[in-house]
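Me: Can you walk me through this model? I'd like the overall picture and then some detail on the sheets and helices.

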Amino acid sequence: KANPDLYCKLGHLHLLSEDYHKSLSAYNKYHLLESEYWKDYPFLFGLGIVYYHFSAYSWTVKLFQQLLYNEPSFCKINEVHCRLGLVFKVTSNLESAVKHFKRALADPRSCSISKPEIRFHLGHLYEIQGKYVAARGEYEQIIALPATQVKSFVQANTLRQLGWIHHTVESFGDAASRSATALQFLQRSIEIDRNNGQTWYFLGRYYSSMGKVHDAFVSYRQSIDKSEASADTWCSIGVLYQEQNQPMDALQAYICAVQLDRNHEAAWRDLAILYEACQQPRDALVCYLNAKHCAQNTKDEDLSRRIKLLQEQVGSSPNEHLNKGHILPCIEDAWTLPIPAELTQRQSAFNAIIKHCRENKINKHIYTSPESWQPPMWYLSAQQIQVLQNLRLNRSILTSNQLMELERLEHNFAIMSQHQQRLMATATRHQAVPTAIPTATAVNSLPGNMVTSMAVSPMVNGIIPSPTTVSAVVTTQGIVCSTPSGKERYPMNSIVNGTMDNHLYKDATGMDKSHLKTGKLVSSPVLSNANGVNGVFSPSAPSGVQGYPPVLQTTTSSHKLLPNGPATENGKLNYHHHQGALDGGARYNSVMDTPQDTPSSDVNPSLHTTTNPYQLQTKLTNHMHHHGGTNGSIVSIKPSPPLSHASRSSGADGVLSPTSASLDQRQSPIKEKLGEKEDLLSEDKYLKQSYELSVIPHRPLPPLLQPIGIPFTLPARDVIQTCRKLMCNGSSPKHLHLDKCPPPSKPPSRKQTLPKEELSPPAPTIYLESKKEAMSRALADFCTNPQNPVTVIRGLAAALKLDLGLFSTKTLVESNPQCTVEVRTQAQQPSEENWDSNGTNKVWLCESSRSYSSIAKYAQYQAMTFQESMKRNTNQNTSGEKSSRGTSDASDPCSSKSTSKRKTFKTIKFGTNIDLSDEKKWKLQLQELSKLPWLFRLVSAGNMLSHVGHSILGMNTIQLYMKVPGSRTPGHQENNNYSAININIGPGDCEWFAVPEEYWGEICNLCEKHNINYLSGSWWPVLEDLYHANIPVYRFIQKPGDLVWLNAGTVHWVQAVGWCNNIAWNVGLVSPHQYQMTVERYEWNKFCGYKSIVPIVQLTWNMAQHVRITNPKLFNMMKTCMMRSLWQCQQMLDNLKKNNIDVIWHGRTDEEHSHYCETCEVELFNLLFVRRSESNLQTHLVHCLNCARNLNPDLENFVVLNQYHTDELMRIYDSFTLVSRILSISA
């Protein structure tokens, strides 16, 4: 049997030599042979770097999360934080990116990215989020450094961003001073790096705003010369021409912009304004519709009003009068205008051949030597054609990134097909067919072949006419290729040059990745046979240079459209510029432009990724083709995910599939098979025991509860001594699993296919008729049964004579009108649907904005909306013609006005998270809830949360929700998987959706597929997606007075049907099932870097002091948790003593909240590492040991505080024993 370590070392060697394909193969072989791969931290780091190189970002994150979880003090942990920061920045997870860049910046150790570069990324993230003051602070710290400490391109880009924010952010001073400062910064940036096209573009924007037309034009020309063709630059050039009253030149520039980026909303809108100014309403309407299509995630009432007005104008006028005597070519003809050479480089080889043939007339001699013919660089290889076929077959389940790759391949395939047809036609005329051309068999065998059309247009001379000259059309030759769908791929540039990334980023306005979805453009309403299919106007243009594709950019408008004409201000046309991240816009291109001679390596001080993660499959296949057999058995064509929960369809890297199905199902080193317990057991008896002790079928105990191997009968002192001896003797503490537990994972996917009727099971409902039934043990047993994820209890208020009127809006206003209310502004939608903000697509993202108000003010809003609804229903019922429609609207408060293409929804406000914990202000309300049965009470000896020792808002305190119809609580599981109670006060109903806990992993995968963070994101599932994934959904109505019990871990989301109030809190039953579920989510949160607001270790020690445990399994779990935390504390104390670091007694007061690490947000128990804040000396920051050592290995400037004496912990540990059930009852 081969030694797995040899393959791991071979992977390291190939990684150091930058042979990533061989490194990946060796790492995969090691992963296959070593079941406990997660114990090898260099392996996790090395494979994470390899996946990062291939842009397999989802796998990179999971590998680095495993490394951070198992070994947070790893020597290269700073590099891990830098890579994670870049990954999260690329994937628009801005908060996580800021978090990791901050940790990398605070770490004094060096990595491949310098500290000034890290600070630049941090400042740029603040800039994207709209935190301009913080961004300026980071930038100013960079330029304040000596020039020798900052790389020239970092300094140049920092000055560029400083200049831009001074130009665009009005809060930075008066216009004159800001303009002078902005110009100074931009000019200094160009002095340092004259080849930065983005800087020239910003300077052109500055000159344009200052009215310096000539200087602006020169800057734009420099931008095009220095960098890739940019849609923003061409759009700005078009605005410049239009301001100079040169409409033809402006048209040409706008067409260039939309050909580079089909989703460039600014260019479409400015093009519409141009057509409207030239009295061509039909073309203006087409452009406005396309602008609206591009702005799917923003609402623009002025744009909608303008479209409606033009539609009426076009519909009421005869076609022959619409464009009579037009100044500009119509939109269909505009696509054949001369295009700058930057746009046609991908067709340069084909154009050169045709031009040579026509000018010299030697066509008959071109293909006389077939052996010497070489396909152009944009030809698809056989492997790429296979990838295209696979993507087409799975189009319905592709992610946005995969759809982007599919469209790129289809675009290249269409060009290749046209090229082949022309070559065949030419060869047929001259009886010379080049044998090197791929045959038509592969082309015709592709599913869903597209019909392509070829149009010849004048070729480009690459010259931009000056704004001061008369525009002229240069007749040369070019190519326009279109597809029936009108789709073309213009991908985001995912290359990270050097250490700086050229990605697009999301701004703080909540816009999603609309640039990843190139949909159909809207056709002219009077053309039935446009250049496309089914009336869809779909002109297409050649894309940019292969390997450096044009970049999609989203912009925002800087003007408003007037209802009776184009946008005007003081008699002048206003235009829609690309504003960048600071001008209200959304995304940046080429944020950091690195010098061309910067080395590209993952081990040198630079980061490099390929343009698209799906190129990995082709690269590996080509590697096998060229090097087949050179690396023996370690070469694999497809990489294998080393992660237990990797799947083929999750994330944005679905093409990177495992080598075998068995790897997909690996949940731990134990080969897990549902229903076969023998296969669950490993040769490691302690892992075997973790499955046997688990109370959840087919799932092991979470790492914190996995057995250590020391008997529970040993006293605390002996436990410590045993651990010390094993560590001091040099013997491997492997069997102790002190820090070597398998990382947590999602529950295994269900393989059983449910019948259609079982996908919508009825919710268990109990009707109570008496107080005896409400207090019965049978009710508690039914609710807490893990087989019942949710239970609806009706008649409880009547049986217990609860006065729910104490929670009515009127009583709340009388009791505490100034109580703070968190208000969520949402769209009122049907409960089974969730549409984007434009009302065109069903999505998972549940958007809302946060603000704050008071109970009194929200009560007024609640009453006002109710009165308006009553008045509207009354008016509808009194109208004879509209009575039927009025009844329909009244019955569905979430009904929307919709057309065939777009839905519009009313905006509503949801009052949430109202704290009712103050016993003085809410005394009557809290006393009334004490009538509830023991299981449902807020405070009870059998409720874990009653033993935390302090208040946790919304969990062991009451929270109130004030709702209007359509108010939504997005999908989630309760904090740390605790059970939950929700009572509807009325008078309206609520609709609930619930999914059993065992399916949360599959819902998490669906959230990742939609680029939403399952733990911290806001999501509303699309029911069709859940049913397609074979996930059952409970759906039921909660009427006034109904109590809903959510069992541990139940996934749920809620929408109000009428006007109502709800109260809710959490309950933690003292049971092994609830405790294991709680710790399982505690460990998963730690794995994902998400804060657990319930301090589980502190809670366990408190319960050991105050609760008698009669369940053996629960006792074993708690004892294991205490044993681990006891040894961890003692081990830290021993190390501190060995290094002569004093520990100061601090103690712990009553009601003192638990402490969490300021950096990694993990719970801190007993030992606190405290330092003063650098920004505020009066503030003290608490850290864990690992983060403290990362900041300073010698713990200088840290004070170590101790909250418990070791003797006290040992006393609690020894006194915690299993109590006999009989003794417990007698006591």
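Reply: Below we go through the overall make-up, then the sheets, then some helix packing.

Me: What should I know before reading any numbers?
Reply: This is a predicted model: local features need pLDDT of at least 70, side-chain atom pairs count only at pLDDT 80 or more, and totals for chains, interfaces and linings use all residues. Residues are numbered from 1 along each chain as its sequence is written, and side-chain values use heavy atoms, with hydrogens and water left out.

Me: OK. How many helices and strands does the protein have?
Reply: There are 43 helices and 27 strands. Both are DSSP runs numbered from the N terminus, helices being H or I with at least four residues and strands E with at least two.

Me: And what share of the residues count as buried?
Reply: Of the 1227 residues, 58% do. Buried means under 20% relative accessible area, exposed means over 50%, and partly exposed is in between, using a 1.4 Å probe and protein chains only.

Me: How about the surface?
Reply: The protein exposes about 50,300 Å², and carbon and sulfur atoms supply 51% of that. Those areas come from the Shrake-Rupley method with a 1.4 Å probe; for residues, only the protein chains shown count as cover.

Me: What about contacts far apart in sequence?
Reply: Take the contacts between residues at least 6 apart in sequence: 76% of them join residues at least 24 apart. Contact means heavy atoms within 4.5 Å.

Me: On to sheets. What is the strand order in the nine-stranded one?
Reply: That open sheet runs 7-8-19-16-21-14-13-9-10, with mixed pairing. Two strands pair if DSSP finds at least two bridges between them. Its edges are strand 7 (765-767) and strand 10 (849-854), each pairing on one side only. From one strand to the next, the twist averages 25 degrees.

Me: Can you give me some landmarks inside it?
Reply: Sure, start with strand 13 (residues 907-915). Strand 9 (residues 820-827) pairs with strand 13 in the antiparallel sense over six bridges, and Ala827 has Thr907 as its bridge partner there. Strand 13 also runs antiparallel to strand 14 (residues 959-963), joined by three bridges, with Leu960 in strand 14 as the partner of Ile914. Elsewhere in the sheet, strand 16 (residues 979-987) and strand 19 (residues 1043-1046) are antiparallel, with four bridges. There, Ile981 is partnered by Trp1045 of strand 19.

Me: Which helices sit against that sheet?
Reply: Helix 30 (residues 777-784) packs on the sheet, touching strand 7, strand 8 (790-794) and strand 19, and its direction makes about 145 degrees with that of strand 8. Helix 33 (residues 855-878) lies across strands 9, 10, 13, 14 and 21 (1060-1067), at about 145 degrees to strand 13. Angles run from 0 to 180 degrees between N-to-C directions, and axes are lines fitted to C-alpha atoms, for helices over the stretch in contact.

Me: What about the four-stranded sheet?
Reply: That one is open too, in the order 15-20-17-18, with antiparallel pairing. Strand 15 (968-972) and strand 18 (1034-1038) are its edge strands, each pairing on one side only. Neighbouring strands are turned by 15 degrees against each other on average, direction ignored. Inside, strand 17 (residues 990-995) pairs with strand 20 (residues 1051-1056) over six antiparallel bridges, and Trp992 has Val1054 as its partner in strand 20.

Me: Switching to the helices. How do helix 3 and helix 5 pack?
Reply: Helix 3 (residues 41-53) packs against helix 5 at an angle of about 30 degrees, with the axes 12 Å apart. The two are therefore roughly parallel; angles under 35 degrees count as roughly parallel, over 145 as roughly antiparallel, 65 to 115 as roughly perpendicular and the rest as oblique. Phe45, Ile49 and Tyr52 in helix 3 meet Glu79, Val80, Arg83, Leu86 and Val87 in helix 5.

Me: Is His81 buried or exposed?
Reply: His81 is buried, with a relative accessible area of 2%. His81 sits in helix 5 (residues 77-90). Not counting residues up to four places away in sequence, His81 touches Leu68, His100, Arg103 and Ala104.

Me: And Gln161?
Reply: Gln161 is in helix 9 (residues 152-168) and is buried, at 0% relative accessible area. Gln161 and Phe185 are 24 residues apart in sequence and 8.5 Å apart in space, C-alpha to C-alpha.
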